[in-house]
Each structure stands twice: as structure tokens, then as C-alpha cells.
Amino acid sequence: LLTVETSIAEVKRASARFGYRIVRGDEVVATGHTLHACVDLTGRIQRMPRELLTRLGGSEERVRAPAQE
């Protein structure tokens, strides 16, 4: 049985990085991350909507430091 563990590794004003670990029992099979950015219809980077930023645990005044994987 494989388990996929996810975490919010970093939250910035316009992006969030999610970390992933795939484990089988006590063995880590793989690790990885994805970076999600907010963009407008033309592809330009935009600040995250306040509600999304809050739900992800960030704030407009601070950013979360990267988590150690």
C-alpha cells in the first residue's frame, strides 16, 4: 500500500509550493513538489486573492519560509 503525504511547504504573495512524499510503510519511495502561481488571463503573475492566501496559511505582511524535505 502506497501513501501520498502532502504539505504546504511555502506560501508567497503570488504562489504556493506544495511538498509530496510517497511512502510504503516506513520507506520513503519518492519526494517531490509542485509550484502553483496565480496568473491573470494573459499569463501575468498576480497576487493571490486574500481569501486563498489566508486559507493556505499565508498573509500579505509575511511569507512562510520553505519547509525542509
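Read along the sequence, this protein follows the pattern β-β-β-α. That comes to one helix and three strands in its secondary structure. What you have in front of you is a predicted model, so a look at the confidence values is a good place to start.

## How confident is the model?

The protein has a mean pLDDT of 87, and 84% of its residues reach 70 or more. Among the elements, strand S3, residues 27–37, has the highest mean pLDDT, at 97. Helix H1, residues 50–55, has the lowest mean among the elements, at 90.

## The sheet

The three strands form an open sheet in the order S1-S2-S3, and their pairing is antiparallel. Strand S1 (3–11) and S3 are the edge strands, each pairing on one side only. From one strand to the next, the twist averages 20 degrees.

Let us take the pairing of S1 and S2 in more detail. Strand S2 covers residues 15–24, and eight bridges join S1 to S2. The two strands run antiparallel and form a hairpin, with three residues between them. To find your way along this pair, look for Val4, which stands opposite Ile22 in S2. Another landmark is Glu5, whose bridge partner in S2 is Arg21.

## Salt bridges

Glu5 and Arg21 are also a good way into the charged side chains. Their side chains meet in a salt bridge, at 2.9 Å from N to O. This pair links distant parts of the chain: Arg21 sits in strand S2 and Glu5 in strand S1, 16 residues apart. So these two residues are bridge partners across the strands and salt-bridge partners through their side chains; side chains of opposite charge can pair when their charged atoms come close.

A search of the whole structure finds five salt bridges. Three of them, including the one just described, are set out here.

| Salt bridge | N to O distance |
|---|---|
| Arg21 and Glu5 | 2.9 Å |
| Lys12 and Glu10 | 3.9 Å |
| Arg24 and Glu27 | 3.7 Å |

Salt bridges that share partners join Glu10, Lys12 and Arg17 into one network.

How open to the surroundings are these residues? Arg21 has a relative accessible area of 36% and is partly exposed, and Glu5, at 33%, also counts as partly exposed. Arg24 is partly exposed at 43% relative accessibility, and its partner Glu27 is partly exposed at 45%. In the Lys12 and Glu10 pair, Lys12 is partly exposed, with a relative accessible area of 39%. Glu10, by contrast, has a relative accessible area of 15% and is buried, because the cut-off for buried is under 20%.

## Two residues to compare

Val23 and Leu35 make a useful pair to inspect. Which of the two is buried, and which is exposed? Val23 counts as buried, at 6% relative accessibility, whereas Leu35 is exposed, with a relative accessible area of 61%.

Val23 lies in strand S2. Leaving aside neighbours within four places in sequence, Val23 is in contact with Leu1, Leu2, Thr3, Glu5, Val28 and Val29. One of these, Thr3, is 20 residues from Val23 in sequence, yet the C-alpha atoms of the two are 5.2 Å apart in space. Glu5 appears here again, as a contact of Val23 as well as the salt-bridge partner of Arg21.

Leu35 has its place in strand S3. Not counting residues up to four places away in sequence, Leu35 touches Ser15, Ala16 and Arg17. Leu35 and Arg17 are 18 residues apart in sequence and 4.4 Å apart in space, C-alpha to C-alpha. Arg17 is a residue you have already met, as a member of the network with Glu10 and Lys12.

## The protein as a whole

Stepping back, buried residues make up 22% of the 69 residues in the protein. The exposed area is about 5300 Å², and carbon and sulfur atoms supply 54% of it. Among contacts between residues at least 6 apart in sequence, 35% join residues at least 24 apart.

Note on methods:
Residues are numbered from 1 along each chain as its sequence is written. This is a predicted model: local features need pLDDT of at least 70, side-chain atom pairs count only at pLDDT 80 or more; totals for chains, interfaces and linings use all residues. Side-chain values use heavy atoms; hydrogens and water are left out. pLDDT is the predictor's confidence in each residue, from 0 to 100. Helices (H or I, at least four residues) and strands (E, at least two) are DSSP runs, numbered from the N terminus. Two strands pair if DSSP finds at least two bridges between them. Axes are lines fitted to C-alpha atoms, for helices over the stretch in contact, and angles run from 0 to 180 degrees between N-to-C directions. Buried means under 20% relative accessible area, exposed over 50%, partly exposed in between (1.4 Å probe, protein chains only). Contact means heavy atoms within 4.5 Å. Accessible areas come from the Shrake-Rupley method with a 1.4 Å probe; for residues, only the protein chains shown count as cover. A salt bridge is a side-chain nitrogen of Lys or Arg within 4 Å of a carboxyl oxygen of Asp or Glu.
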